[in-house]
Structures are given as C-alpha cells and as structure tokens.
Amino acid sequence: MSLDQNESVSKKNAAGRNKQKILCMYCPSKILNPGAATHVNTEYALPYIHRRGQEDRDKCETITDYWLIEDMYTFENIGVSNTVDNVKYLACADCEQGPVGWHDLTTKKSYIALSRVKYE
C-alpha cells in the first residue's frame, strides 16, 4: 500500500522528517516525537494488523511508505516481537496492536508504516 503523494508530502518537513507526533491508531500512545524519523520508500510485506493472540498472522500487505528510525532509543513507546527471520515486528507498547512496522536486526534500523499510525 502506498500513500497518495500529497498525503505523504503533508506529513513531512523540507528535510523529509515527520512534522507531527506519531501516535498509535487505536489508543493515545505516543510512538515518536516530531522530527524523530525520516520518510523512505522501501517495499516490505508487513503482516496485517492484529491483536496479540489473534490468528491469520501469515497474511501480509505490501507497503512502500515508511518512517525510518536509525536508533531504537528514539521511540517514545514501542513493543517488540520475538525474532522472525532476522526481523522483529513493532507494535504499540500500550494496546499491543500491530505490527505497525519492523526492526531489521542486521542494520539495527526500524521502519514504521505511514499508513498504520495517526498524527497529531
């Protein structure tokens, strides 16, 4: 899933960083502060959002618009899954909805899907 060009542009500043706070779509938990992440276009098949314990975890959605987070300590709140093929999936630390993104254990970089979070 790719965001509309105008929608993607409105969420980032001139340097390509997030203009607003990034929040969980399902609860008021803050994931990132403004300016904490850089917009990147990279294709990744992210499993559909589910609550902890739900079935059908093997169905994926291809997403191309992500926020790149260089350091895990940049997050305000984030939950991390067990390792699956050298990747840890990221979810809301409070309500456990996810995945909203993934953490690559090889590069130590994290990615949050623009379409799976809200902004304030």
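Is Tyr-66 buried or exposed, and what is its relative accessible area? I took this residue as my point of entry into the structure, which is a predicted model. Tyr-66 is buried, with a relative accessible area of 0%.

**Entry 1: the ring partners of Tyr-66.** I looked up the aromatic pairs and found four in the structure. In one of them, the ring centres of Tyr-66 and Trp-102 lie 4.8 Å apart with the planes at 90 degrees, so I recorded the pair as edge-to-face. Tyr-66 belongs to strand S4 and Trp-102 to strand S7 (residues 101-104); the two are 36 residues apart, and the pair thus links distant parts of the chain. Trp-102 is buried as well, at a relative accessible area of 5%.

I then turned to Tyr-111, whose ring centre is 6.3 Å from that of Tyr-66. The planes of these two rings stand at 85 degrees; because edge-to-face requires over 60, this pair is also entered as edge-to-face. Tyr-111 sits in strand S8 (residues 109-113), so its pairing with Tyr-66 in strand S4 ties together parts 45 residues apart in sequence. Both Tyr-66 and Tyr-111 are buried. I noted finally that ring pairs join Tyr-44, Tyr-66, Trp-102 and Tyr-111 into a cluster.

**Entry 2: the strands around it.** I listed the elements of the protein chain and obtained one helix and nine strands, with the helix preceding the strands along the sequence. Six of the strands form an open sheet in the order S3-S4-S8-S7-S6-S5, with antiparallel pairing. At its edges I found strand S3 (38-47) and strand S5 (79-84), each of which pairs on one side only. From one strand to the next, the twist averages 30 degrees.

I examined one edge in detail: S5 pairs with strand S6 (residues 87-91) in the antiparallel sense, over four bridges. Across this pairing, Thr-83 stands opposite Lys-88 in S6.

**Entry 3: the nonpolar cores.** I recorded 19 residues in the largest nonpolar core, where Ile-31, Leu-32, Trp-67, Phe-75 and Ile-112 have the most contacts inside it. Strands S1 (22-24), S2 (30-32), S4 (60-69) and S9 (117-119) each give two or more residues to this core. A second, separate core has eleven residues, among them Val-40, Leu-46, Ile-63 and Val-87.

For Leu-32 I checked the neighbours beyond four places in sequence; they include Ile-22, Ala-37, Ile-69 and Phe-75.

**Entry 4: totals.** I noted that 44% of the 120 residues count as buried. The accessible surface of the protein chain is about 6600 Å², and carbon and sulfur atoms hold 45% of it.

Key. Residues are numbered from 1 along each chain as its sequence is written. This is a predicted model: local features need pLDDT of at least 70, side-chain atom pairs count only at pLDDT 80 or more; totals for chains, interfaces and linings use all residues. Side-chain values use heavy atoms; hydrogens and water are left out. Buried means under 20% relative accessible area, exposed over 50%, partly exposed in between (1.4 Å probe, protein chains only). Accessible areas come from the Shrake-Rupley method with a 1.4 Å probe; for residues, only the protein chains shown count as cover. A nonpolar core is a set of buried Ala, Val, Leu, Ile, Met, Phe, Trp, Tyr and Cys residues joined through side-chain atoms within 4.5 Å. Contact means heavy atoms within 4.5 Å. Two strands pair if DSSP finds at least two bridges between them. Axes are lines fitted to C-alpha atoms, for helices over the stretch in contact, and angles run from 0 to 180 degrees between N-to-C directions. Rings of Phe, Tyr and Trp (its six-membered ring) pair if their centres lie within 6.5 Å; planes under 30 degrees apart count as stacked, over 60 as edge-to-face and the rest as tilted.
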